[in-house]
Amino acid sequence: MDGRNRQAFLIGIAGVIAAFTILFFLVGARDVLDSLLSATSSLVVVTFALALGWLAAWSLMLRTVLAALSIDLPVGKSFLVYAGAVFTNNVTPFGQAGGEPIAALLISKTSDARYETSLVGIATVDIINVIPSIALILVGVGYYATTAAIGERLETAVGSAVVLIAGIVLVMALVWRYHRTIVERLPALVAPRLGRLGLERFDSETLEEDIADRLGRFFENIERVATDRWRLAAIIGLSLCGWLFQTAALTVAFAAIGHDVSAYVPLFVIPLANLAGAAPLPGGLGSIEAAFVTLLVPTTGVAASTITAAVLIFRGAIYWMPVLIGGLSVSAFGIRAVQ
């Protein structure tokens, strides 16, 4: 780990510690600990089993996307590769935005695929996961509105999510609409600047042509996935299954500490809280937990300390278990880029 990466890592850890310190101070650390110690162990195990179901569903999703790109991964290997991809997202700042390049390197190394093809694969998984999440937010909030008044905090969260998602979709649409122009003009703008860096890997004479070629293949691969309708439907279905496994896991986590929560609440709270993963913390650690508590307190009526305990069990299954499995996978596959 070089000096710059070490500094970024230490800043991220400091941010995580600060976020959890504030959260535990506000909700009461002693009460959280008491709730955790009273949790039903068998239901905690079920929570982790459901999290494995989520991980398996989205690993099959990645395998299906890669199959559309003529990359064949066995089921078991795809599980380990996706766990490794989740690991890279969880230990780099800004969530998927920080981990995707490393995840693409992992896929490329384990499948002998081109890097840009691997990047399309993991980016497609992350992008398509947005589609069911929007539907779940709308269905969950819509049902919640029929049973209770929507508070100002929830209105703000939903409104912010809609604006953010709409912005992302708009940018994606514009990039796709003008992707041929990007392929034609961007290399000429980027190549001279990279060439002036003086790095041996950049050959100024062929750099522009190489960038154009890679960009062209990148967009061609996206088109291959998007135009295979039956496979695309299967991908979206697996994405939805993953979200539902997470919903079930959070519901069971609440049951583990003795509280019943209607499943439609986690249905929209989970994708909303995950937006906090865009914070400049490793995998959104600390910010996502705080977002969960902020959203669940007004929508469940459960004490903040109890909610925090349930969220910690849930995040232990969704965050820390993939970190363990994925970290071992990354190490076994010989990837060192995360250091």
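A residue is called buried here when its relative accessible area is under 20%, exposed when that area is over 50%, and partly exposed in between. By that rule, buried residues make up 45% of the 339 residues in the chain, which is shown as a predicted model. The chain as a whole exposes about 16,800 Å², and carbon and sulfur atoms supply 64% of that area.

The architecture is helical, with 14 helices and 0 strands in the chain, so that a reader following the sequence meets one α element after another, in the pattern α-α-α-α-α-α-α-α-α-α-α-α-α-α. Among the contacts in the chain with a separation of 6 or more, 74% are accounted for by residues 24 or more positions apart.

Confidence in the prediction varies along the chain, whose average pLDDT is 80, with 78% of the residues scoring at least 70. Among the elements, helix α3 (residues 41-68) has the highest mean pLDDT, at 94, whereas helix α9 (residues 179-195) has the lowest, at 68. Where pLDDT is low, the predicted coordinates should not be read in detail.

Beginning at the N-terminal part, helix α1 covers residues 3-27 and includes Leu26. This residue counts as exposed because its relative accessibility is 65%, and Leu26 joins Ile22 and Phe25 in making a nonpolar surface patch of about 400 Å².

Helix α2 (residues 29-37) holds both Arg30 and Asp34, which are 4 residues apart, or about one turn of the helix. An α-helix has 3.6 residues a turn, so residues three or four places apart point the same way. Asp34 forms a salt bridge with Arg30, and the closest N and O atoms of the pair are 4.0 Å apart. As for their surroundings, Arg30 is exposed, with a relative accessible area of 62%, while Asp34 is partly exposed, with a value of 40%.

The count of salt bridges comes to 2, and another pairing joins the side chains of Glu289 and Arg315, with a distance of 2.8 Å from N to O. Because Glu289 lies in helix α13 (residues 287-300) and Arg315 in helix α14 (residues 304-333), this pair ties together parts that are 26 residues apart in sequence. Both partners fall under the cut-off of 20% for burial: Glu289 counts as buried at 2% relative accessibility, and Arg315 is buried with a relative accessible area of 4%.

Burial also marks helix α12 (residues 264-274), in which 9 of the 11 residues are buried, so that this helix is largely enclosed by the rest of the structure. The buried residues of α12 include Val265, Leu267, Phe268, Val269, Ile270 and Leu272, and Pro266, Pro271 and Ala273 are also among them.

A database record can be set beside this picture. In an unreviewed entry, UniProt lists residues 7-29, 35-57, 119-145, 157-176, 232-257, 263-283, 290-313 and 319-338 under "transmembrane region", although such annotations may be inferred rather than shown by experiment. In the model, the span of residues 35-57 is 87% helix and 0% strand, with its end C-alpha atoms 30 Å apart. The span of residues 119-145 is 96% helix and 0% strand, and its end C-alpha atoms lie 39 Å apart.

Notes:
Residues numbered from 1 in each chain as written. Heavy atoms only, no water. Patch = residues over 30% accessible without salt bridge, like charges linked within 9 Å, V, L, I, M, F, W, Y side chains within 5 Å. Areas by Shrake-Rupley, 256 points an atom, 1.4 Å probe, with all protein chains shown as cover. Helix = DSSP H or I, 4+ residues; strand = E, 2+ residues; numbered from the N terminus. Buried < 20%, exposed > 50% of the residue type's maximum accessible area, 1.4 Å probe, protein only. Contact = heavy atoms within 4.5 Å. pLDDT = per-residue confidence, 0-100.
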